[in-house]
Amino acid sequence: MVVVGAGMAGVQTAVALREQGYEGPVTLLGAEPHPPYDRPPLSKAVLLGTAEGSAFDVDFEGLGIGLRLGVAVTGVRPAAHLVDTDAGPVPYTALVLATGAEPLALPGTQDHPAVHLLRTLDDATRLRPVLADRRTVVVVGAGWIGAEFATAAREAGCHVTVVEAAERPLAGALPAEAAEPMAAWYAEQGVELLTGVAVSRVEDHGVRLADGRLLPADAVVVGIGARPATGFLAGSGIALDAHGAVLADGLLRASVPDVYAVGDCASFPSARYGRRLLVHHWDNALQGPRTVAAALTGQEPAPYDPVPYFWSEQFGRFVQYAGHHAPEDLLVHRGDPHAAAWSLCWLSPAGALRAVLTVGRPRDLTQGRKLIASGAPLAPSRVADPTVPLKSTTA
């Protein structure tokens with residue numbers, strides 16, 4: 001077994017193979033030179049210097065997992081059952097693609113010394129001095145990563161401006177009813193938020209906006225999204241979707257024999273939501289490997305169809321989201337979105353809970369995940385009453 005990618009999805013796949021009884025060789029290929037590590041702390045403790053790293057507590061040698069670090073994969077030849085790397089070809093009987101996602105760069109800034117991304121341990125290490133010196137920082141993009149970095153930068157004492165081309169934060173992820181209350185969080189923490197304006201270019205001493213303004217900046221952090229890290233699959237015959245994700249089936253098998261895909265680099269069909277999902281979040285990278293390992297060890301796992309889940313810590317608030325909502329779903333408020341704690345629920349036309357977003361209401365999230373999984377119809381009027389436990393809102 002060869003697993004490409006030593007992040008959460010790849011490590012968990014290798015571990016799950018051993019847990020589910022596979023005794024043959026397992027090779028884990030990682031492009032970075034560092035021991036495999038968890039990514040969420042990068043935008044928090046590692047970035048602020050309160051932790052040196054976030055390495056997984058896994059005894060790879062004891063588990064008999066062959067860990068090869070600093071090995072970049074350059075291609076896959078399914079007919080020959082070979083993975084091409086910059087250290088030479090690696091044969092496989094079965095291959096698991098777990099290469100994750102790569103951040104989108106701001107055009108024309110790839111070699112600019114003041115421009116940073118935040119995806120890897122090296123990225124966080126390079127950004128540490130910026131925060132330690134309390135520099136003036138411009139963040140491009142008011143998504144999850146942009147908000148989390150802005151939170152850390154303000155905590156470190158930096159002057160922070162966030163620029164978002166859309167009219168509100170998280171425009172690509174949440175509707176206005178959910179995202180607009182979050183805009184006030186920036187000002188509360190002393191962060192200037194500029195929306196509805198694009199970045200024209202990065203200059204020597206700042207960021208030039210499309211409207212002509214120049215924002216002074218010692219450093220620029222770009223958080224404008226990510227795409228599946230699958231460029232190396234060009235010419236392999238492994239089918240990708242429109243986003244560049246590996247087209248996996250319900251058991252996370254790719255379109256060619258003996259190849260699987262898991263985590264941020266793969267999309268999968270969801271019977272629960274009636275569509276293909278591409279989930280770029282930690283929980284997906286944790287759960288999917290169990291299905292892959294079960295399939296590879298000859299078991300008959302149920303089709304992979306989790307309730308997607310993620311969280312974000314920003315501006316002193318703990319935000320959680322479970323499920324997947326669509327434009328046709330009914331949005332129901334639980335509490336005042338301008339208060340310290342509130343939730344939003346999305347109900348299907350039949351009344352089933354499809355998704356829940358919570359701010360400071362962890363019980364709503366825990367109960368909501370179970371309701372989403374059950375598919376039970378809810379009473380909208382009871383859902384809208386924040387004093388009623390969500391689990392007690394069934395119709």
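The following exchange examines how terms are applied to this predicted model.

Me: What kind of model is this, and which residues and atoms count?
Reply: The model is predicted, so local features need pLDDT of at least 70 and side-chain atom pairs count only at pLDDT 80 or more, while totals for chains, interfaces and linings use all residues. Residues are numbered from 1 along each chain as its sequence is written, and side-chain values use heavy atoms, with hydrogens and water left out.

Me: Which domains does UniProt place on the chain?
Reply: The unreviewed UniProt entry gives "domain: FAD/NAD(P)-binding" for residues 2-285 and "domain: Reductase C-terminal" for residues 309-393. UniProt positions are in the numbering used here, feature names are shortened, and annotations may be inferred rather than shown by experiment. Residues 2-285 are 20% helix and 28% strand, with end C-alpha atoms 17 Å apart. Residues 309-393 are 20% helix and 36% strand, with end C-alpha atoms 21 Å apart. Helices (H or I, at least four residues) and strands (E, at least two) are DSSP runs, numbered from the N terminus.

Me: Why is A302 called exposed?
Reply: Exposed means over 50% relative accessible area, buried under 20%, and partly exposed in between (1.4 Å probe, protein chains only). A302 has 55% relative accessibility, and therefore counts as exposed. A302 is found in the loop between α6 (282-296) and β22 (309-314). Leaving aside neighbours within four places in sequence, A302 is in contact (heavy atoms within 4.5 Å) with L251 and T291. A302 and L251 are 51 residues apart in sequence, and their C-alpha atoms are 7.7 Å apart in space.

Me: Why is D283 in helix α6 classed as it is, buried or exposed?
Reply: D283 has 9% relative accessibility, and so counts as buried. Beyond the neighbours within four places in sequence, D283 is in contact with V307, Y309 and R369.

Me: How do you know that β11 pairs with β10 and with β12?
Reply: Two strands pair if DSSP finds at least two bridges between them. Five bridges join β10 (residues 136-140) to β11 in parallel, and V138 stands opposite T161 in β11. Four bridges join β11 to β12 (residues 192-195), also parallel, and the bridge partner of E164 is T195 in β12. Strand β11 (residues 159-164) is mostly covered, with five of its six residues buried.

Me: What makes the crossovers around β11 right-handed?
Reply: A crossover is right-handed if, with the strands pointing away from the viewer, the path from the first strand over the helix to the second runs clockwise. The β-α-β crossover from β10 through helix α4 (residues 144-155) to β11 is right-handed. The crossover from β11 through helix α5 (residues 176-188) to β12 is right-handed.

Me: How do you know that the span of helix α7 agrees with expectation?
Reply: The expected span is 1.5 Å times one less than the number of residues. The 13 residues of α7 (residues 362-374) should span 18 Å, and the end C-alpha atoms are 19 Å apart, which agrees. The buried residues of α7 are D364, L365, Q367, G368, L371 and I372. What covers them includes β22, β23 (317-323), β24 (330-334), β25 (342-347) and β26 (353-359). Just after α7, G375 takes a positive phi of about 75 degrees.

Me: Why is β25 called largely enclosed?
Reply: Six of its six residues are buried, so β25 is largely enclosed by the rest of the structure. In a regular strand the side chains alternate between the two faces of the sheet. From β25, W342, L344 and W346 point one way, and S343, C345 and L347 the other way. Strand β25 pairs antiparallel with β24 over five bridges, and with β26 over six. C345 stands opposite V332 in the former pairing and opposite V356 in the latter.

Me: What makes a set of residues a nonpolar core, and which residues have the most contacts inside the largest one?
Reply: A nonpolar core is a set of buried Ala, Val, Leu, Ile, Met, Phe, Trp, Tyr and Cys residues joined through side-chain atoms within 4.5 Å. The largest has 67 residues, and L95, L97 and I238 have the most contacts inside it. Its largest share, seven residues, comes from helix α1 (residues 8-19). Apart from this core lies another, of 43 residues, among them L131, A150, M182 and Y321.
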